[in-house]
Amino acid sequence: MLKILVIDGQGGKIGKSVIEGIKASDITAEIIAVGTNSIATSAMLKGGANAAATGENSAIVCANKCDVIIGPIGIVIADSLLGEVTSDMAVAIGKSRAKKLLIPINLCDNFIVGVKDLTLSSLIQNVVEELKKM
């Protein structure tokens, strides 16, 4: 079974939407949610995550125990998400052997040049389609 780690911060809206999108598809997977704060974790649990944890150490540990990591692009950029992503988290996620499906959210002083500005629902659908290919 595919083991998916969804990481999000702030209010957890992106992570929750990703989890709901996966649950609504025909993808069989164990979904672990890691929030950079308890509000994000709670939102992702409400979205249907199988398990959840909060904080830097959880992100570091879980990054090495999954097949796929999904989250906004900021999860691999130190000090992003208004400072919620630590350097150690960004390095652990970046070094993980898991396939990374990074959502190009152009916020927090990080802009991905050449990427179309799509709606969040379109981006989530792209994530689900990519998972189906696996």
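**Helix α6 and the sheet beside it**

Among the elements that cover the buried residues of helix α6 are β1, α1, β4 and β5. The model is predicted. At its centre of interest here is an open sheet of 5 strands with parallel pairing, in the order β3-β2-β1-β4-β5.

**The sheet**
- The strands at the edges are β3, residues 51-54, and β5, residues 99-103, and each of these pairs on one side only.
- On average, and with direction ignored, neighbouring strands of the sheet are turned by 20 degrees against each other.
- Strand β1 covers residues 2-8 and strand β2 covers residues 29-35; the two pair in the parallel sense over 7 bridges.
- In this part of the sheet, Lys3 stands opposite Glu30 in β2.

**Helix α1**
- Helix α1, made up of residues 13-24, lies across β1, β2, β4 and β5, with β4 spanning residues 68-72.
- The direction of α1 is at about 155 degrees to β1.
- Helix α1 is also one of the elements covering the buried residues of α6.

**Helix α6**
- Helix α6 runs from residue 120 to residue 133 and has 14 residues.
- From its first C-alpha to its last, α6 reaches 20 Å, which is close to the 20 Å expected at 1.5 Å a residue.
- The buried residues of α6 are Leu123, Ile124, Val127, Val128 and Leu131.
- Seen down the axis of α6, these buried residues fall within an arc of 140 degrees, so they line one face of the helix.

Methods:
Residues are numbered from 1 along each chain as its sequence is written. This is a predicted model: local features need pLDDT of at least 70, side-chain atom pairs count only at pLDDT 80 or more; totals for chains, interfaces and linings use all residues. Side-chain values use heavy atoms; hydrogens and water are left out. Two strands pair if DSSP finds at least two bridges between them. Helices (H or I, at least four residues) and strands (E, at least two) are DSSP runs, numbered from the N terminus. Axes are lines fitted to C-alpha atoms, for helices over the stretch in contact, and angles run from 0 to 180 degrees between N-to-C directions. Contact means heavy atoms within 4.5 Å. The expected span of a helix is 1.5 Å times one less than its number of residues. Buried means under 20% relative accessible area, exposed over 50%, partly exposed in between (1.4 Å probe, protein chains only). The arc is that of the directions from the helix axis to the C-beta atoms.
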